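This report introduces a single structure to a reader who has not met it before. Please look through the sequence and the model first, and then read on.

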Amino acid sequence: MIRALVWGENVHEQDDAEVARLYPHGMHGCIAAGLGEDAGIQARTATLQEPEHGLTQDVLDATDVLVWWGHVAHDRVDAAVVERVHARVLDGMGLIVLHSGHFSRIFKRLMGTACSLGRWREDGERERLWAVDPSHPIVQGVGECIELPQAEMYGEPFAVPKPDDVVFVSAFEGGEAFRSGLTYQRGAGRIFYFRPGHETFPIYHDATIRRVLKNAVKWSGWRDVSHR
Ligand code: ZN
């Protein structure tokens, strides 16, 4: 079993009725339910509001892959917790950073760059994520592209270091493009950045998005699992 922990900021779910309607068990709860569809993945959740944000050393030591969703409360994540997660990634824990998590403290700490977007637009546009590396484990079973009828647009340039692999490239209805699936290794830890996941669209209910997340957990969690 790969032990996944889905971390949710859990703020929009409390103060936005539309988000609460789409995600009655929280975005983290929906993402964990999707991962739990795979008999080889054990998925738990943690949130910002818990003591130490639910990311104590004991919890992290029992986690093979951490999945991170944050947006409006990045600056409320305690610096000591960020350092603890950072050390655990270098030690081999996988990390999957979703959507607006590009601005999270842990992602910026690991990337060492601004991690800013060239442009963005919240207009419910169609997005096609092209699987540009068909042999990559993360895209298995997703077909040549994923189509999302409504998404927030992110556009290049994305201020991140040159990735190990570009797995998905998005094309948006308005004409912009974005590298939507990127892999990195930092120390012994495998990192995957995956763009979709704006809180007012039902992205994490989508079966193909769930397929990518399950694949990504298995890809980034392999190292720790092989040691047990
Ligand atoms: Zn968003």
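What follows describes the nonpolar cores and then the salt bridges of this structure, which is a predicted model.

**Nonpolar cores**

The largest nonpolar core is made up of 37 residues, and Phe168, Phe192 and Tyr204 are the ones with the most contacts inside it. Helix H7, which covers residues 207–226, gives the most to this core, contributing 6 residues. A second core, separate from this one, has 34 residues, among them Leu5, Ala46, Leu95 and Ile106.

Tyr204 deserves a closer look. Leaving aside residues up to four places away in sequence, Tyr204 touches a set of residues that includes Tyr23, Met27, Cys30 and Ile31, together with Trp69, Leu98 and His99. Pro196 and Gly197 are also touched by Tyr204, as are Ile209, Arg210 and Leu213.

**Salt bridges**

Side chains of opposite charge can pair when their charged atoms come close. In this model the count of salt bridges comes to 14, and three of them are set out in the table below.

| Salt bridge | Closest N and O atoms |
|---|---|
| Glu37 and Lys214 | 2.6 Å |
| Glu125 and Arg121 | 2.9 Å |
| Glu176 and Arg121 | 3.0 Å |

Which parts of the chain does the pair of Glu37 and Lys214 tie together? Glu37 lies in the loop between helix H3 (26–35) and strand E2 (41–47), while Lys214 belongs to helix H7, so this pair ties together parts that are 177 residues apart in sequence. Glu37 has a relative accessibility of 46% and therefore counts as partly exposed, whereas Lys214, at 8%, counts as buried because buried means under 20%. Glu37 and Lys214 are also linked with Arg210 in a network of salt bridges, and Arg210 is among the residues that Tyr204 touches.

Arg121 forms a salt bridge with Glu125 and another with Glu176. Glu176 is found in the loop between strand E7 (165–172) and strand E8 (177–186), and Arg121 in strand E5 (residues 119–131), so the pair of Glu176 and Arg121 ties together parts that are 55 residues apart in sequence.

Are the residues of these two pairs buried or partly exposed? Glu125 is buried, its relative accessible area being 8%, and Glu176 likewise counts as buried, with a relative accessibility of 16%. Arg121, by contrast, counts as partly exposed at 29% relative accessibility.

How values were computed
Residues are numbered from 1 along each chain as its sequence is written. This is a predicted model: local features need pLDDT of at least 70, side-chain atom pairs count only at pLDDT 80 or more; totals for chains, interfaces and linings use all residues. Side-chain values use heavy atoms; hydrogens and water are left out. A nonpolar core is a set of buried Ala, Val, Leu, Ile, Met, Phe, Trp, Tyr and Cys residues joined through side-chain atoms within 4.5 Å. Buried means under 20% relative accessible area, exposed over 50%, partly exposed in between (1.4 Å probe, protein chains only). Helices (H or I, at least four residues) and strands (E, at least two) are DSSP runs, numbered from the N terminus. Contact means heavy atoms within 4.5 Å. A salt bridge is a side-chain nitrogen of Lys or Arg within 4 Å of a carboxyl oxygen of Asp or Glu.
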